[in-house]
Amino acid sequence: MQNLITVATQVGVLFALMGVGALCRRFRLVDEAAIKGIVNILILVVTPCLIVDVFQRPFAPEMMQGFAWAAFVAFAAHAALVLAARAFAFGDGMSRPVLRLSMVFSNAGFMGIPLEQAILGAEGVFYGVVYVVMFNVFFWSWGLREMGGHGKGVSSIRPMILNPGTIGVAAGLPLFLLSKTLPEVVRTPVSLLADLNTPLAMLVIGFYLAGADFRRVARTPAAYLAAFVRLVAYPVAMIALLHMFRTRLPREMMIALVIAASAPVAALVSMFAAKFGRDVDLSVGLVSGTTLISIITMPPVIALAMELL
């Protein structure tokens, strides 16, 4: 019960920040163009800085081992979800890619990392960014191909290699391995930019929640399955899997992965749906709907992980 209260409190803090974003939309303090600019800053600037910042620590062999295990588990989990999505997510050419990506990709960066920071501290974020990196690898490869079809340039390997997550790891991991710290004049701005992840991300999500229309989701039965897989089936399956290896793996790593896995549908799904002309209303409804429902599902799922792992 204590774990449940702790997690519910932290989830409540995030939703309070989302409420500020909703008020910003209600009173027209920001518009759609401004929010898109903030999203670009979050993805292209804040995410790499966040990853570099968590690597600013002395090298520890046990943490490197945990990092490798987290990468393996996150890769295997995404691969399994891709197979499940291809097997169970059906629809027309407009809705099918949205449903498949909604099953596979969680809001691990915007919602997962703030919770990992609040519940587990810096060590939790250290492992949490591994999930974000794997998210980026799969999103910018399979996700891009699935959403964009087989158009020119969609199958390029470049986005899979050069994306904010992998760039952040490429810059930060050598510093960790060599126990090197950035000069203060660089480290402080990087740290300050990293700290923007939670408030800015929650403001963006709240802004979009305030304008969401759930009618398209209500008319799509397959959306309920996608939401169930994303919020319940997948994170519970991950808990069951990790429970079998709990004596061999770092506890903080396992809980961080469950937090990332239990997050709602990634906001990038809506952005890609708009970019490639897919079912935008369905994507927005799934992102917004699962975000609202996650205030109910995330606390017990994460509390269960804290109890069993």
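In this predicted model, the second largest pocket is lined by 18 residues, and those nearest its centre are Val73, Ala76, Ala77, Met238 and Leu241. The pocket holds about 400 Å³ of space. Two elements, helix H3 (61–88) and helix H12 (221–243), each give two or more residues to this lining, and H3 gives the most, with 8 residues. The lining is a greasy affair by class: 17 nonpolar residues, no polar ones and 1 charged.

The largest pocket has a volume of about 780 Å³. Its lining runs to 34 residues, with Tyr208, Ala267, Ser270, Met271 and Ala274 closest to the centre. Quite a few elements chip in with two or more residues here, namely H2, H6, helix H10 (197–210), helix H11 (215–218), H14 and H15. Sorted by class, the lining of the largest pocket comes out at 19 nonpolar, 6 polar and 9 charged residues.

Helix H14 spans residues 268–275, and within this helix Leu268, Val269, Ser270, Phe272 and Ala273 are buried. Ser270 thus turns up twice, as a buried residue of H14 and among the residues closest to the centre of the largest pocket. The buried residues of H14 pack against four helices: H2 (32–54), H4 (96–104), H6 (122–148) and H15 (280–308). After H14 comes glycine 277, with a positive phi near 70°.

Then there is the enclosed space. The count comes to 1 cavity of 30 Å³ or more, and the volume of the largest cavity is about 250 Å³. Its lining is made up of 18 residues, with Thr47, Gly109, Phe110, Phe135 and Leu268 nearest the centre. H2, helix H5 (108–120) and H6 are the elements that give two or more residues to this lining. Charged residues are missing from the cavity lining altogether, which splits into 12 nonpolar and 6 polar. Leu268, one of the residues nearest the cavity centre, is also one of the buried residues of H14.

Finally, asparagine 107 sits in the loop between H4 and H5. This residue counts as buried because its relative accessible area is 5%, against a cut-off of under 20%. Leaving aside residues up to four places away in sequence, asparagine 107 touches Gly112 and Ile205, along with Ala263, Pro264, Val265, Ala266 and Ala267. Of these contacts, Ala267 also appears among the residues closest to the centre of the largest pocket.

Conventions. Residues are numbered from 1 along each chain as its sequence is written. This is a predicted model: local features need pLDDT of at least 70, side-chain atom pairs count only at pLDDT 80 or more; totals for chains, interfaces and linings use all residues. Side-chain values use heavy atoms; hydrogens and water are left out. Buried means under 20% relative accessible area, exposed over 50%, partly exposed in between (1.4 Å probe, protein chains only). Contact means heavy atoms within 4.5 Å. On a 1 Å grid over the protein atoms alone, a cavity is a set of points where a 1.4 Å probe fits but cannot get out, and a pocket is an open set with protein on both sides within 12 Å along at least five of seven lines; lining residues have an atom within 4 Å of a point. Grid points are joined across faces, edges and corners, and a volume is the space filled by probe spheres set on the points. Ala, Val, Leu, Ile, Met, Phe, Trp, Tyr, Cys and Pro count as nonpolar, Asp, Glu, Lys and Arg as charged, and the others, Gly among them, as polar.
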